[in-house]
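This briefing covers the surroundings of a bound ligand, one helix and the overall fold. Please read it alongside the sequence and the model.

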Amino acid sequence: MTDHQETATVPAAREAGGTPIVVVDDVHHSFGSGAQAVHALRGVSFEVRRGELTALKGRSGSGKTTLLNLVGGLDTPTSGRISVDGTDLATLGEPDLLALRRDRIGFVFQSFGLIPVLTAAENVGVPMRLRRMPAKEREERARTLLALVGLADHAEQRPGELSGGQQQRVAVARALANDPDLIIADEPTGQLDSETGRSIMELLRAVVRSESVTILVATHDPNLIELADRVVELRDGRLVERPPAP
Ligand SMILES: Nc1ncnc2c1ncn2[C@@H]1O[C@H](COP(=O)(O)OP(=O)(O)OP(=O)(O)O)[C@@H](O)[C@H]1O
Ligand SMILES: [Mg+2]
């Protein structure tokens, strides 16, 4: 093999990872009005690049959840523009926003958000059910995803019969169900002990590569921040950008 062959693939890989999947442009967001108004975001602009794990850090109350909710189309900014995969969210009506959230974005929350009466496999199947995927196909994909997150032997257990870390693995599998372009995670390790949290981070890190998904994750956790390709920091509703870790 020559040196030339070894370097030939590098530019293509960089290109694929370099295009933005999320563009946030001068976003302001307030809750309430008049003297009572809380200005949660005060002019935030940044991009999330495709194929990367971007960590959004900042103190409690700095606006992380507010920003994730806007990017996920769960709320509409007071002003400014957000686009996901080239589509300006402001141009979408509720049915299209719903379809975007269902088909293109996976969500992972601090409190796992699993349905207690459903088994792990059924929980993973929920987003596919919403998309009316046939039962057999759905069950097969749920099993594949549970195997991917290391829970092949736990498919029939309900959330109450799983540890916190296992529940969060189910939630990650569910977020991957519809093969999303983007996963939005809000403090996914916040309720886990540090070792379990570490394994969830490593899982997120791994799926960015294996499932070619992009992840935007809000976190206080220094270990998770260390694993990110890029870190953006919010302070009192404004952004402080940092260079990636060496
Ligand atoms: N629904 C709401 N109504 C009024 N104020 C809100 C609402 N949601 C958030 N806020 C306020 O907006 C600001 C940003 O809150 P946000 O939840 O985005 O912070 P955060 O960075 O996610 O904090 P944490 O790390 O504690 O989760 C806070 O001052 C909060 O009190
Ligand atoms: Mg929050």
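In this predicted model, ligand 1 is surrounded by F31, G32, V38, A40, G58, S60, G61, S62, G63, K64, T65 and T66. By class, the residues of this shell divide into three nonpolar, eight polar and one charged.

**Shell around ligand 1**

- Two elements, strand β2 (38-49) and helix α3 (64-71), each supply at least two residues of the shell around ligand 1.
- Helix α3 provides the largest share of that shell, namely three residues.

**Helix α5**

- Helix α5 covers residues 120-130, and its buried residues are A120, A121, N123, V124, G125, P127 and M128.
- These buried residues of α5 pack against three helices: α4 (94-103), α6 (135-148) and α7 (164-175).
- In an α-helix, residues three or four places apart point the same way, because there are 3.6 residues a turn.
- After α5 comes R132, which has a positive phi, near 60°.

**Overall fold**

- The protein contains nine helices and 10 strands.
- Its radius of gyration is 19 Å and the globule rule gives 18 Å for 246 residues; the two values are close, so the protein is as compact as a globular protein of that length.
- The C-alpha trace spans about 60 × 50 × 35 Å along the principal axes of the protein.
- Buried residues account for 38% of the 246 residues of the protein.
- Of the contacts between residues at least 6 apart in sequence, 71% join residues at least 24 apart.

Conventions
Residues are numbered from 1 along each chain as its sequence is written. Chains are lettered from A and ligands numbered from 1 in the order in which they are written. This is a predicted model: local features need pLDDT of at least 70, side-chain atom pairs count only at pLDDT 80 or more; totals for chains, interfaces and linings use all residues. A residue is near a molecule or strand if its C-beta atom, placed from the backbone, lies within 6 Å of it. Helices (H or I, at least four residues) and strands (E, at least two) are DSSP runs, numbered from the N terminus. Ala, Val, Leu, Ile, Met, Phe, Trp, Tyr, Cys and Pro count as nonpolar, Asp, Glu, Lys and Arg as charged, and the others, Gly among them, as polar. A residue is buried if 20 or more other C-beta atoms lie within 10 Å of its own, exposed if 12 or fewer, and partly exposed in between; C-beta atoms are placed from the backbone. Two residues are in contact if their C-beta atoms, placed from the backbone, lie within 7 Å. The radius of gyration is taken over C-alpha atoms; the globule rule is 2.2 Å times the number of residues to the power 0.38.
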